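Trainee: Could you take me through one part of this model closely, and then show me how the parts around it fit together? I am new to this, so please go step by step.

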Amino acid sequence: MTLQPQWGQGGSVVVLTGATGYLGRALARGFADAGATLVLTARCETTLARFAEELAPCGVPIHTVVMDLTDPAAGDGIVGAALKLTGRIDALVLNAGTLADGLVAALDGSDMAQVHAVNVHGAFGLLHAALRPMILARRGAVIVVSSAAARRPNVGQAAYASSKAALEAIVRVTARETAGRGVRVNGVAPGLLDGGMAARILDEARDQAVAAIPMGRLGRAEEVVPTVLFLASPMSSYVTGQIWGIDGGWTA
Amino acid sequence: MTEPAALNVVVDMIRDTLSLSGREGEKVSSDTLLFYHLAFTSMDLLDLLFRVEQHFDIAIPDGTLYGLARGEMPDAEFATDSVLSAAGKARLMALLNDTPAELFPERIHAASLPRFCTVGAIARLVDARLAAREPCSS
C-alpha cells in the first residue's frame, strides 16, 4: 500500500479558520506542503496577508478571506468567497477559537457569551454554510478543532471547556446526519500545546500541568497537523463522528 | 390535472436521493408520498431541496410550504403555538389535494408539513417558485 499519494492533498480545496494563530499556522503549512489549495480566514487583514506571503514559496494557490466569525454573515461570506475563488470545498477545518478563563462564581456572563459566540456559534455558522456544497458534491471532510479540556476541564475553564464540549456534540450530530451524503465530520482534541492559547491557560500552573501529562511534556502544533491531514484525506474514508485526542496521554 | 412542468426533473432527483441508500427500485410518480411511500428522512428532503434549488436556481426557504398553505389567512387563525387550527388544516389539505385525506392527523405541527407532500406537490412548489421569479412578459 502506497501511502504518500493518499496522504497528499494535491488539488483539494481546504478552508481553514483561525489561520494566523499558533495552531492555524502549522495547519496551513501542513496542508500547503501536502499540495492543497488554501482558503485561509482570520480577523486581521494585515496579519493574514503577511502570513499568506510567508506561505507563497510552498507554490500552492493561497486565498485569503478576512472575516470575524462572530459576524452572522461570516459563514455564508466565507463559503461564498471560497466557492467563487476555487469552485468547491473539499475540507473545512474549523480551528478559530478564543477563551476567557475565570472561576464560575466569578466568571462574567459576557465572557461566557463571547467565547461561545466565536467557538460555537461562529463555527456552527460556517459549518452550516459549508454543508450545502459538500452535500451537493456528495463529498467533503470537516475537521473541528476541539480541546482536551472538553473531556478534562480544569478549574477556570468553564467557558472554554463548555464551548469545546458543545462543538464535539455538534461534530457527532452532524456526522450522523451527513454520513450518507459522503460528508465526514470529525474533531481533534489537542492537549496543552507549547504556544498559542495554552500559554495563557497555563500561567503559573505550567509545571503542574506538565507533570500530569503521561508523556511529560507539552505538545507542539506540528504534532496536531498529521491527524488533521489524515482526517481530511481519503485515508480516513471510514472515519466519521470521532474526536481524536492528541494530548500526550493526558485524557487516557 | 396537468402535470407540473418540473415533475420529470424532480422525479429524477428523488431517484438520485434514493440511490444513496440503495433504494433505486422504488416506484416514483406524481402521487407518490415522499415520507409514506418512499420512507424519506428529513435529511433526504433537505438533500432533495438543495438539488432542486441548485438545478432551477431558485430558493425554497424554510416555511415556504407553510406560507403557501396559509395564504392570506392571518397567522393567528392558521396556527396556534405552531399547531395548525382546523381552518389551517383545511387550507393545507386544499393545497396538498393529491394527498389522501386520511393521512392528515388531527394535530398537525407546522414543522411537519413537508411530510404530507407528494412528488407532484414538490414539483408544483418548484413551478410556483419559478413563476414567482420570472418577470411578467407584458
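Mentor: Let's begin with helix H6 of chain B, residues 119-133, in what is a predicted model. This helix has 15 residues, and at 1.5 Å a residue they should span 21 Å. The C-alpha atoms at the two ends of H6(B) are 21 Å apart, which agrees with that expectation.

Next, which residues of H6(B) are buried? They are Val119(B), Gly120(B), Ala121(B), Ile122(B), Ala123(B), Arg124(B), Leu125(B), Val126(B) and Arg129(B). The cover over these buried residues of H6(B) includes H1, H2 and H3 of chain B.

Two of those covering helices, H1(B) and H2(B), also pack on each other. Their axes are 10 Å apart and make an angle of about 135°. Angles from 115 up to 145 degrees fall in the oblique class, and H1(B) and H2(B) are therefore oblique to each other. Their crossing is right-handed. On the H1(B) side, the residues that meet H2(B) are Val9(B), Val10(B), Met13(B), Ile14(B) and Thr17(B). Their partners in H2(B) are Asp44(B), Asp47(B), Leu48(B), Arg51(B), Val52(B) and His55(B). By class, the residues of this contact are 6 nonpolar, 2 polar and 3 charged. Here is a handy rule for reading such lists: an α-helix has 3.6 residues a turn, so residues three or four places apart point the same way.

Now look at the loop between H2(B), residues 42-56, and H3(B), residues 64-70, where Asp57(B) has its place. Asp57(B) has a phi near 55°, which is positive although the residue is not a glycine. Is Asp57(B) buried or exposed? It counts as exposed, because 9 C-beta neighbours lie inside 10 Å, and a residue with 12 or fewer falls in that class.

Chain B has another residue of this kind. Ser82(B) sits in the loop between strand E1 (79-80) and strand E2 (83-84) of chain B. The phi of Ser82(B) is near 65°, again a positive value in a residue other than glycine. Ser82(B) counts as exposed because it has 11 C-beta neighbours inside 10 Å.

Coming back towards our helix, the loop between H5(B), residues 86-95, and H6(B) holds Arg107(B). Arg107(B) is exposed, since 9 other C-beta atoms are within 10 Å. From Arg107(B) to Gly120(B) is 13 residues along the chain, and their C-alpha atoms are separated by 24 Å. Gly120(B), as we saw, is among the buried residues of H6(B).

Let's cross over to chain A. Here 6 residues of chain A are in contact with 7 residues of chain B. The element that gives the most to this side of chain A is H5(A), with 3 residues. That side divides into 2 nonpolar, 1 polar and 3 charged residues.

H5(A), residues 109-137, packs with H4(A), residues 74-86, at an angle of about 40°, and the axes are 7 Å apart. That angle makes H4(A) oblique to H5(A). The two cross in a right-handed way. H4(A) brings Ala74(A), Gly75(A), Asp76(A), Ile78(A), Val79(A) and Leu83(A) to the contact, while the residues from H5(A) include Gly122(A), Gly125(A), Leu126(A) and Ala130(A). The contact of H4(A) with H5(A) has 8 nonpolar, 4 polar and 1 charged residues.

Ala130(A), found in helix H5 of chain A, deserves a pause. It counts as buried because it has 24 C-beta neighbours inside 10 Å. Apart from its neighbours within four places in sequence, Ala130(A) is in contact with Val79(A), Ile89(A) and Leu92(A). Ala130(A) and Gly195(A) are 65 residues apart in sequence, and their C-alpha atoms are 29 Å apart in space.

Finally, H5(A) also packs with H6(A), residues 158-178, at an angle of about 15° and with the axes 9 Å apart. That makes H5(A) roughly parallel to H6(A). This crossing is right-handed. Among the residues in contact are Met112(A), Val115(A) and Phe124(A) of H5(A), and Tyr160(A), Leu167(A) and Ile170(A) of H6(A). In this contact of H5(A) with H6(A) there are 13 nonpolar, 5 polar and 2 charged residues.

Definitions and conventions
Residues numbered from 1 in each chain as written. Chains lettered and ligands numbered in written order. Predicted model: local features only at pLDDT ≥ 70, side-chain atom pairs only at ≥ 80, totals over all residues. Axes fitted to C-alpha atoms, helices over the stretch in contact; angles between N-to-C directions. Helix = DSSP H or I, 4+ residues; strand = E, 2+ residues; numbered from the N terminus. Parallel < 35°, antiparallel > 145°, perpendicular 65-115°, else oblique. Left-handed = near helix turned anticlockwise from the far one by under 90°. Contact = placed C-beta atoms within 7 Å. Nonpolar A, V, L, I, M, F, W, Y, C, P; charged D, E, K, R; others polar. Buried ≥ 20, exposed ≤ 12 C-beta atoms within 10 Å, placed from the backbone. Expected span 1.5 Å × (residues − 1).
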